[in-house]
Amino acid sequence: MEEMTKQRYSDGERTSIFDNEFMPHINSMYNFAYRLTLDEDDAKDLLQDTYLKAYRFIDSFQQGTNAKAWLFRILKNSFINDYRKKSKEPSKVDYQEVESYYNSEDVDRQITPDLRVETLQDMIGDEISNALNALDVDFRTVIILCDLEGFKYDEMAKILDIPIGTVRSRLHRARNLLKEKLSEYAKKMGYKNA
Amino acid sequence: MSSPDQSQQKNPTKVDCLDMLRLILDGEASPEEKKNFFEKHLDTCMPCYRTYHLEMAIRDLLKSKCGNHEAPAELIDNIKKMISSGR
């Protein structure tokens, strides 16, 4: 008979979990909060709210499971519930359209043949940051989770509450959108169709 | 391990290698698949070669420019204080 959902930690255990399993992720968490809100003050508030929630609900955390994914999920949910409403986020992405895009033959065409490795290496300013920030938050999120934080499909599916297939298609679409943005910057920088 | 899309084999070679490239970029390919891709496939498939290197260059940029927002020390102290006062 196993208690699957909750346990009751002692005060010592709580402190130990918080200090040793939650706090080491605070910089990754702040970076995620900043990339979601795009505002330093909001990012601070979001981070603080998330850690306080994590402590309050620590009994729902199972030791030995992935603390980082658990924390990222809380942060993402807090962002959606408390921050996204406030911000003037444009209309949500039409996932129907995204899914049909993924399933279409268009997927395999080279979308940005003019973007080259050498061009990227010349982007020493804020181009990449601006390109990432310009993506819709749902696309921005999967890039951060996969490319910066190294989460796997199943972890991202849990963090975002979406099926693994949707994680895959969203990531694929996000990478192409990011390349399109970078390509625009490259053109502005004066690189002709190379 | 079962491969996900065995049922739909439309354009085998083209689709398969781009699918594999995606799994590699997403960190989901097995060690054997990676070995095969890097040691055999990449040398002979120009679209994969170009896309792979382009994506890696983008990732390097992302890591160096977008992953460096460290939580302010004051904020960390504040969180620690709030937690210990609530204990």
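User: In this predicted model, which element of chain A has the lowest mean pLDDT, and which the highest?
Analyst: The two ends of the ranking are both helices of chain A. At the top stands α9(A), with a mean pLDDT of 97. At the bottom, with a mean of 53, is helix α5 (residues 95-103) of chain A.

User: What pLDDT does chain A average?
Analyst: Of the residues of chain A, 80% score at least 70. The average for chain A is a pLDDT of 85.

User: How many helices and how many strands does chain A have?
Analyst: Read from the N terminus, the elements run α-α-α-α-α-α-α-α-α-α. No strand enters that order. The count for chain A is ten helices and zero strands.

User: What share of chain A counts as buried?
Analyst: Chain A has 194 residues. A residue is buried if 20 or more other C-beta atoms lie within 10 Å of its own. The buried share of chain A is 34%.

User: Of the contacts in chain A between residues at least 6 apart in sequence, what percentage join residues at least 24 apart?
Analyst: The count takes in contacts between residues at least 6 apart in sequence. Those that join residues at least 24 apart make up 75%.

User: Which domains does the assignment give for chain A?
Analyst: The assignment gives two stretches of chain A. One covers residues 11-84 and the other residues 95-188. They are domain 1 (11-84) and domain 2 (95-188).

User: Which elements give two or more residues to the side of domain 1 of chain A that touches domain 2 of chain A?
Analyst: Ten residues of domain 1 of chain A are in contact with ten residues of domain 2 of chain A. By class, the domain 1 side has five nonpolar, two polar and three charged residues. The elements that give two or more residues to this side are α2 and α4 (67-84) of chain A.

User: Which element gives the most to the side of chain A that touches chain B?
Analyst: The contact takes 34 residues from chain A and 30 residues from chain B. Elements giving two or more residues to the chain A side include α1 (11-22), α2, α3 and α10 of chain A. The chain A side divides into 20 nonpolar, eight polar and six charged residues. With six residues, the element that gives the most is α3(A).

User: Is Tyr51(A) buried or exposed?
Analyst: Tyr51(A) lies in helix α3 of chain A. It has 27 C-beta neighbours inside 10 Å. The cut-off for burial is 20 or more, so Tyr51(A) counts as buried.

User: Leaving aside neighbours within four places in sequence, which residues is Tyr51(A) in contact with?
Analyst: One partner is in chain A and one in chain B. Ile74(A) is 23 residues from Tyr51(A) in sequence and 8.7 Å away in space, C-alpha to C-alpha. The contacts of Tyr51(A) are with Phe22(A) and Ile79(B).

User: What is phi of Leu38(A) near?
Analyst: Leu38(A) is found in the loop between α2 (26-37) and α3 (40-56) of chain A. With 12 C-beta neighbours inside 10 Å, Leu38(A) counts as exposed. Its phi is positive, in a residue other than glycine. The value is near 60 degrees.

User: Is Asp161(A) buried or exposed?
Analyst: Asp161(A) lies in the loop between α9 (153-160) and α10 (164-188) of chain A. Phi of Asp161(A) is positive, near 55 degrees. Because 11 other C-beta atoms lie within 10 Å, Asp161(A) is exposed.

Technical notes: Residues are numbered from 1 along each chain as its sequence is written. Chains are lettered from A and ligands numbered from 1 in the order in which they are written. This is a predicted model: local features need pLDDT of at least 70, side-chain atom pairs count only at pLDDT 80 or more; totals for chains, interfaces and linings use all residues. Helices (H or I, at least four residues) and strands (E, at least two) are DSSP runs, numbered from the N terminus. Two residues are in contact if their C-beta atoms, placed from the backbone, lie within 7 Å. Ala, Val, Leu, Ile, Met, Phe, Trp, Tyr, Cys and Pro count as nonpolar, Asp, Glu, Lys and Arg as charged, and the others, Gly among them, as polar. Domain bounds come from an automatic or database domain assignment. pLDDT is the predictor's confidence in each residue, from 0 to 100.
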